[in-house]
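Hi there,

Here is the structure I promised to send over. Have a look at it first, and my notes follow underneath.

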Amino acid sequence: MLDTLLPKSVSRPVVEAVQDFDPAAVNIPSGHYISGRLVPGDGPAIEVRRPSDGQAYADLPEAGETGVDVAVCDASTAQQQSGWGECPPRERGAVLRRWADLIMENRLELAQLEALGSTRCISEAYTGEVPFTAEAIRFFAECADKYSGDVLPTRSRSLGMLMPEPYGVVGAIAPWNFPLSMASWKCGPALAAGNAIVLKPSELTPFSTVRLAELALEAGLPPGIFNVVQGSGQVTGAALVRHPLVRKVSFTGSTQTGKSVMTDAAHHGMKPVTLELGGKSPQLVFNDAGDVDTVAQRITRGFMANAGQACVAGTRLIVQRGIAEALIAAVVRHARVVVPGVTWKANSRFAPLISQRQAEKVSAAVSNTVAAGAEVLCGGSFFDGFGGGFFYQPTVLIGLQAGMTALEEEVFGPVLTVQIFDDEEEGIALASHSVYGLAAGVHTMDIGQAMRATRRIAAGTVWINRYGRTTDFIVPTGGFNGSGIGKDLGRQAFEANLRHKSVLLDF
Ligand code: TXE
């Protein structure tokens, strides 16, 4: 997802600067970050492992209800007393821009921290994830003073207004697949709108966001406006969603957990939620899609980026019969040449799966599907030679029937299913999914065909003749149906962090 079109000035000149690094030499900011200070946790700790080799490298403190209460109360006090919510929006924008500058100045350190503990290879973290994070914050900094409420057409001797105001404290819960950029998608709009934020990163990738919070303070964010609490979802995440002073919740993760976040938010204060959930996105390729190899590369990147651990991964190839044989062969060819490598090596381009649990999920999805009659065109097992790391081979499956696991469920690994169709109607029908509606790719040179398919596919994003996001952060992202509620990115994400008060003044 993130190795897409970064501006040349951001991504290109520095590729050479990426070098191997020693994972044991990385400084780890361990603890919660509350009121501008790193707070060592007390109580139970969670062992954190490196996905590349499975080695435990740090202990994570877990904030229970009491720890979360301290963070949220401090955030609420800071939001009310520091002036962050009331200062001129342009000043908020300036702080966020300085923050983005500091992120870029500390790019190598952040990239190493990210690559150490997540599935981001250092080259991608340095050229993609970190600059992408800074750019998203810059985008939301620009929103700060460019949004107004409304003046409403009311009776002649009255003035009707819609006045936007921040919620107060926003609770944010981030996943492990893009730890820094997912945090920026949540913190950027919440902070630009004048809220304080308490962020819970994934317990699998907890540390890079602490450094992000330290840099925010250095940029001028008042202490207590950006806090990080560490811990598991069931304990820390649930306590955050339920806390009475958290007035809005933003979550990215599985559809299953999204349901319980939404239920908790409803039962503990009727809080608005933004939910960016799972997907099972189709890539619909018509006979006239263009150069076969170009399309194959698009399809391959679409399902293999971050080893398939992306919510928008295009994991269902639905291809028209006339082009099917050539395209499938080309996809398999591209899938076979990937070179896996530990995330701290500069030339590694193919990521490990995040954890043993995720590895078991991917492996079971493939073996269940094969046991049910599907055929493996390539992959189907782990790469050898990585000790405790879980590197799953890019896998292409064909001969699928409705109901098979890999076709229906979000696998979150580098697994592509292939289905062949004859006419447009059949292709569009296959593209729909009974649960998910996150993203879709439509590949055809016939603009009419592209737009007919786009109108009929139920997905929050449709890419035509491309696959994957860009740095056009103005384009909102979010799912339909089981893939979520509301939008990240775009003006919509900023506006979702404001509530609107209707005011009627008689004169
Ligand atoms: O996700 P969870 P997991 C999907 C993907 C993956 C599956 C499981 O299919 O295989 O989810 O991954 C926090 N209250 N996605 O278990 O549980 C948790 O601590 C509040 C898709 O990691 O959704 C973490 O910070 N918070 C996805 C975050 O939620 C809770 C990205 C995500 O965890 C909580 C990741 C609770 N009750 C996984 N339970 C995407 N949309 O990109 C957990 N959490």
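A good place to start is the side chains of Arg469 and Glu276, which meet in a salt bridge with an N to O distance of 3.5 Å. Please keep in mind that this is a predicted model.

For orientation, the domain assignment splits the chain in two. Domain 1 takes in residues 15-277 together with 484-504, while domain 2 covers 282-472. Their C-alpha centres are 30 Å apart.

I then went through what lies between the two domains. Two salt bridges are counted there, along with ten residue pairs in polar contact, both residues of each pair being at pLDDT 80 or more. On the side of domain 1 that touches domain 2, the elements giving two or more residues are helix H4 (107-117) and helix H5 (122-143). H5 gives the most, with four residues. Sorted by class, that side of domain 1 has 14 nonpolar, ten polar and seven charged residues.

How many residues of each domain are in contact with the other? Domain 1 brings 31 residues, and these are in contact with 29 residues of domain 2. As for area, about 2,400 Å² is buried between domain 1 and domain 2, and carbon and sulfur atoms give 61% of that.

If you open the model yourself, you could begin at Arg469 and Glu276, the pair in the salt bridge, and then move on to H4 and H5 on the domain 1 side.

Happy to talk it over whenever suits you.

Best wishes

How values were computed
Residues numbered from 1 in each chain as written. Predicted model: local features only at pLDDT ≥ 70, side-chain atom pairs only at ≥ 80, totals over all residues. Heavy atoms only, no water. Domains from an automatic or database assignment. Contact = heavy atoms within 4.5 Å. Buried area = accessible area lost by both parts, 1.4 Å probe. Salt bridge = Lys/Arg side-chain N within 4 Å of Asp/Glu carboxyl O. Polar contact = N/O pair within 3.5 Å; in protein donor to acceptor, adjacent residues only side chain to side chain. Nonpolar A, V, L, I, M, F, W, Y, C, P; charged D, E, K, R; others polar.
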